[in-house]
Structure formats: C-alpha cells, structure tokens
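Let's take a walk through this model together, going from one pair of helices to a ligand and then to a loop. Have the structure open as you read.

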Amino acid sequence: MAAFRVNLKLKAVLPLAGVLLAGILAFVWITLSLEGSERQTVILVALAGAIAICAAMLAILAVLVQHPLVELREKIARLRAGDLTVSVGFSERNDEIGDLGRDFNEMVRQLRETREELERLYSTQMSRAEHLATLGELAAGLAHDIRNPLAGIAGVMEIIARDLPVASPSRQVLNEVQEEILHIQKILSDMLAYARPKPPYFREADLNETAEHAVALARQQVLSRPIQIEITKDQSLPPVEHDITQVRQLLLNLLLNAIQGIEGTGRVDVKLESRDGQAVMRVRDTGRGIAPENLPQIFRPFFTTKGQGTGLGLSLARRIVENHGGRIEVSSTLGQGSEFTVWLPLRKTTPGSAPS
Ligand SMILES: Nc1ncnc2c1ncn2[C@@H]1O[C@H](COP(=O)(O)OP(=O)(O)OP(=O)(O)O)[C@@H](O)[C@H]1O
Ligand SMILES: [Mg+2]
C-alpha cells in the first residue's frame with residue numbers, strides 16, 4: 001500500500017494550529033462580555049502569547065526530534081553505501097532519542113566487527129587455499145626430482161657402510177649423512193602427505209587402542225630421558241569410526257611435540273573421554289609452553305621454532321582431524337606447558353560435511 005506521507009513539521013504544526021484556533025475561539029467567546037477596546041487588547045495579547053508558545057514548542061521539537069532524525073537518515077544512507085565507521089552524535093543524550101542513538105551506534109559496531117571477522121576468515125581461507133595449491137605443485141615437483149636420486153644416494157651409503165672397516169673414522173660421518181638423508185625423506189613424505197592428503201579409511205575401532213599404540217611409539221623416543229608418558233583410557237568410550245593409521249599419526253605428532261617441548265624432566269598425559277556425543281583426546285605436557293604470539297601460527301604449514309623442524313606436524317594433525325569432521329584446540333602457558341584437545345565425532349560425518 002502506498003502510504004500517504006506527511007512531513008514531520010506539518011504533523012507537529014497541524015495539532016498545534018488546531019489547539020491555537022480552538023483556544024482563540026474560546027477566548028473570543030469568553031471575552032464577548034468585555035468592552036470593545038479592552039476586548040481587542042486582551043485578544044491581541046493572548047494571540048501573541050499563544051503564537052510565541054507555539055513557535056517555542058516548534059523550535060524545541062525541531063532541536064529535540066527533527067535534528068536527530070535528519071542526522072540518523074544521513075548516517076543510515078552512509079551505512080547503506082558501505083561506510084561502517086558512522087556513528088550518531090545524539091547518543092550522548094539521556095532520553096529516548098539518546099537510547100535510539102546508542103542502539104544505532106551499537107548496531108553499527110556489531111556490523112563492523114562481523115564484517116572484520118568475515119574478512120579475516122576469508123583472507124585466511126584464501127591464503128590456505130593458495131598455499132595448498134602451491135604446495136601441491138611444489139611437492140609433486142620435489143618428489144619427482146629428489147626422491148629417486150635420494151633413494152639412490154641412500155642405497156650407495158648403505159653399500160659404503162657395509163664395505164667400510166668397523167674402526168674407520170669415516171663411519172661417524174657416514175652415520176650423520178644417513179641421518180640427514182632420513183631427515184630429508186621425512187620432510188618429503190610430510191610435504192606429500194600434506195599436499196596430497198589421502199582420504200581417511202574409516203573403520204569402527206577402539207580409540208583407546210589407537211591412542212595406546214601412539215603412546216607406545218612415543219615412549220620409544222624417550223627411553224633414555226626422564227620423561228614419563230601416561231595414558232588414561234576411557235573404557236566406556238563407544239567405538240569410534242576413524243582411520244587408525246591417520247589418527248595414530250596425528251596423536252604421535254602431538255606427542256612428539258610434547259616431548260620436544262620438555263627440557264630435562266617432565267611428563268606427558270594422554271586422556272581419553274567421551275563428551276557431548278564425541279570422543280575427546282587430550283595431550284598435556286609440562287614442557288616450555290608456547291609463546292602467546294606464536295599460538296595463532298602453530299597450525300600453519302612450515303611454522304616451526306625448531307632447528308630440525310619442518311613445521312608440518314601440526315598442519316598435518318589439523319588436516320587429519322578436519323577430515324574426520326572433528327576439531328583441534330590448544331591452550332598453553334609459557335613456562336608451564338601446553339594442552340592439545342582433539343574432538344572426533346563417533347560416527348563418520350556424511351561426505352562433504354567435513355570442513356576442508
Ligand atoms: N607441545 C608443545 N610445546 C611447545 N611448543 C609446541 C608444542 N607443540 C607445538 N609447538 C610449537 O609449534 C610449532 C609447530 O609445530 P609442528 O609440529 O607443526 O612443527 P615442528 O614440530 O616444529 O616440526 P615437525 O614438522 O617436525 O613436526 C613448533 O615448532 C613449536 O614451536
Ligand atoms: Mg612437530
């Protein structure tokens with residue numbers, strides 16, 4: 001329905017004019033008993049007074065209501081044009097118009113925050129996608145160019161090691177070279193796993209067992225160090241549909257990080273539980289912790305603070321968790337330790353519903 005528009009001023013003036021007219025008529029009627037000249041003077045004075053009151057009321061109305069409304073209309077137009085920095089000046093007032101101004105400013109602030117959050121998410125998703133595409137090409141090239149010659153070098157090293165006299169001082173050098181080759185092979189396979197992820201092979205299995213296996217592997221790494229690794233299983237945990245190899249790998253990555261974060265004596269606790277219809281795995285360590293400025297970076301590929309690190313462990317871990325439709329969280333206090341929490345759904349999520 002096309003609404004009939006009436007200007008605000010007119011809306012305010014019309015009732016005032018009506019009241020004024022009625023007042024004058026009533027006044028004329030009351031003053032009928034007075035003498036002619038007296039009557040005229042009284043009517044003129046009353047008329048002037050009434051007009052002055054009306055003018056004052058209109059002016060007050062304009063200041064109190066119309067100015068804020070005009071400002072609001074201008075700000076809304078700017079908002080619609082995409083300017084999210086607008087705010088209205090009348091929000092300082094301590095009346096209903098002030099309430100309106102505060103509500104408007106608050107709404108704009110929330111809009112601004114939402115847009116900033118969206119932009120941030122969009123840019124991180126974009127950079128992740130670009131990163132992945134580049135990595136895919138890079139990894140394929142590297143695999144082709146380096147893997148085969150590297151396997152050849154490793155083979156030759158083995159032959160040399162076999163032929164070298166046991167007491168030869170070159171053995172030490174050879175061992176170091178072999179370790180370096182293993183390191184390069186690990187970087188390559190991590191990169192390939194990250195760039196060309198295998199889809200999980202879901203199988204219903206006991207997550208306690210998967211975790212125990214990873215813990216056993218991690219214990220092998222700390223045989224000669226004063227680090228205790230404990231696991232608290234949850235026997236009431238229902239079977240979880242998961243890729244056993246991948247989840248073991250993800251847990252091992254978390255455990256290795258925990259171990260590498262401990263200088264001297266320390267302990268690592270792995271705890272399983274079921275919560276809100278999901279399986280939860282926690283890995284807590286008493287290591288050096290993660291600096292707050294590093295926390296947002298640690299899941300990025302190639303972010304590492306270690307001389308020997310490739311910085312792919314946590315990106316792979318996150319990839320595995322996400323491909324299982326789960327999520328991974330971290331909390332850490334510098335100097336006290338870190339805790340990684342992995343949430344996995346008990347059942348495989350329908351294809352496409354897992355975040356990429
Ligand atoms: N439990 C932990 N304690 C302290 N720092 C940690 C822990 N877990 C992760 N970090 C930090 O996060 C960074 C990234 O970890 P990530 O596992 O991705 O790579 P990395 O361990 O450096 O190398 P690699 O590819 O060999 O795993 C680490 O270099 C370290 O600074
Ligand atoms: Mg690591």
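When α6 passes α7, the crossing is left-handed. Two packed helices are described by the angle between their axes and the distance between the axes. Here the axes of α6 and α7 cross at roughly 145° and come within 9 Å. Please keep in mind that this is a predicted model.

Which residues make the contact? On the α6 side you will find Gln246, Val247, Gln249, Leu250, Asn253, Leu254, Leu256 and Asn257. They meet Gly313, Leu314, Leu316, Ala317, Ile320 and Val321 of α7. By character, the residues of this contact divide into nine nonpolar and five polar, with no charged ones.

Now turn to ligand 1, where both helices appear again: α6 (244-260) and α7 (313-323) each supply at least two residues of the shell around ligand 1. In total, 23 residues surround ligand 1, and the closest are Gly261, Thr304, Gly309, Gly313 and Leu314. Gly313 and Leu314 may sound familiar, since they also belong to the α7 side of the helix contact. The shell around ligand 1 is made up of 13 polar, six nonpolar and four charged residues.

Our last stop is Ser236, in the loop between β2 (227-232) and β3 (240-242). Is Ser236 buried or exposed? Ser236 counts as exposed because it has 7 C-beta neighbours inside 10 Å, and a residue is called exposed if that count is 12 or fewer. Look across from Ser236 to Glu273 as well: the two lie 37 residues apart along the chain, and their C-alpha atoms are separated by 8.1 Å.

Terms used. Residues numbered from 1 in each chain as written. Chains lettered and ligands numbered in written order. Predicted model: local features only at pLDDT ≥ 70, side-chain atom pairs only at ≥ 80, totals over all residues. Near = placed C-beta within 6 Å. Helix = DSSP H or I, 4+ residues; strand = E, 2+ residues; numbered from the N terminus. Nonpolar A, V, L, I, M, F, W, Y, C, P; charged D, E, K, R; others polar. Axes fitted to C-alpha atoms, helices over the stretch in contact; angles between N-to-C directions. Left-handed = near helix turned anticlockwise from the far one by under 90°. Contact = placed C-beta atoms within 7 Å. Buried ≥ 20, exposed ≤ 12 C-beta atoms within 10 Å, placed from the backbone.
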